Amino acid sequence: MSHGICLQALKNIENCADISSSIEISYLYEFNPSLLLGNRGVCLQQFYRQQNPATYGFFQEAKQCLELALNSNAPTKRKIYYLNDLASAYARQGEIEIACAYAAQSVPMIVHIGIESIYNSFTD
């Protein structure tokens, strides 16, 4: 798939999200602006090629989208994905220390969710 086709698909999704941003639609399809940012970040980082400076803008935009999604009011489970997507983006760029730092931030969240799940299974 070419960059242009994927970018146009992302634009179409953004336009649809703008049109139907009602609470009912968001709830029904579990789609919201932070999820859109996260998906955009994941897509754009796929275009990045370390040896091709023309693709550096894709990485920058991907990183911005994922950081905005991470700083949104998204649920903790979703933020774990954003942290790991950021880790993946930085690893792709060769920034291993930053990638590890983002991945490490997700560990306490995973542990907390796991403990909550175990607790809830005993109380249900």
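This dialogue walks through the fold and the aromatic residues of a predicted model.

Reader: Which secondary structure elements does the chain contain, and what pattern do they follow along the sequence?

Author: The chain has six helices and zero strands, and, read along the sequence, these give the pattern α-α-α-α-α-α.

Reader: How much of the chain is buried, and what share of the contacts joins residues 24 or more positions apart?

Author: Of the 124 residues in the chain, 30% are buried, and among contacts with a separation of 6 or more, 53% are between residues 24 or more positions apart. The chain exposes about 8,200 Å², of which carbon and sulfur atoms supply 60%.

Reader: How many aromatic pairs are there, and why is the pair of Y48 and Y56 called tilted?

Author: Two rings pair if their centres lie within 6.5 Å, and planes from 30 to 60 degrees apart count as tilted. The count here comes to five aromatic pairs; in one of them, the rings of Y48 and Y56 have centres 5.8 Å apart and planes at 40°, so the pair is tilted.

Reader: Are Y48 and Y56 buried or exposed?

Author: Buried means under 20% relative accessible area, so Y48, at 4%, counts as buried, whereas Y56, with 36%, is partly exposed. Y48 also pairs with F59, where the ring centres are 5.3 Å apart and the planes stand at 45°, so this pair is tilted. Y48 lies in the loop between α3 (33-45) and α4 (56-70), while F59 lies in helix α4, 11 residues apart, and both Y48 and F59 are buried.

Reader: Which residues form the aromatic cluster?

Author: One aromatic cluster is formed by Y48, Y56, F59, Y90 and Y102.

How values were computed
Residues are numbered from 1 along each chain as its sequence is written. This is a predicted model: local features need pLDDT of at least 70, side-chain atom pairs count only at pLDDT 80 or more; totals for chains, interfaces and linings use all residues. Side-chain values use heavy atoms; hydrogens and water are left out. Helices (H or I, at least four residues) and strands (E, at least two) are DSSP runs, numbered from the N terminus. Buried means under 20% relative accessible area, exposed over 50%, partly exposed in between (1.4 Å probe, protein chains only). Contact means heavy atoms within 4.5 Å. Accessible areas come from the Shrake-Rupley method with a 1.4 Å probe; for residues, only the protein chains shown count as cover. Rings of Phe, Tyr and Trp (its six-membered ring) pair if their centres lie within 6.5 Å; planes under 30 degrees apart count as stacked, over 60 as edge-to-face and the rest as tilted.
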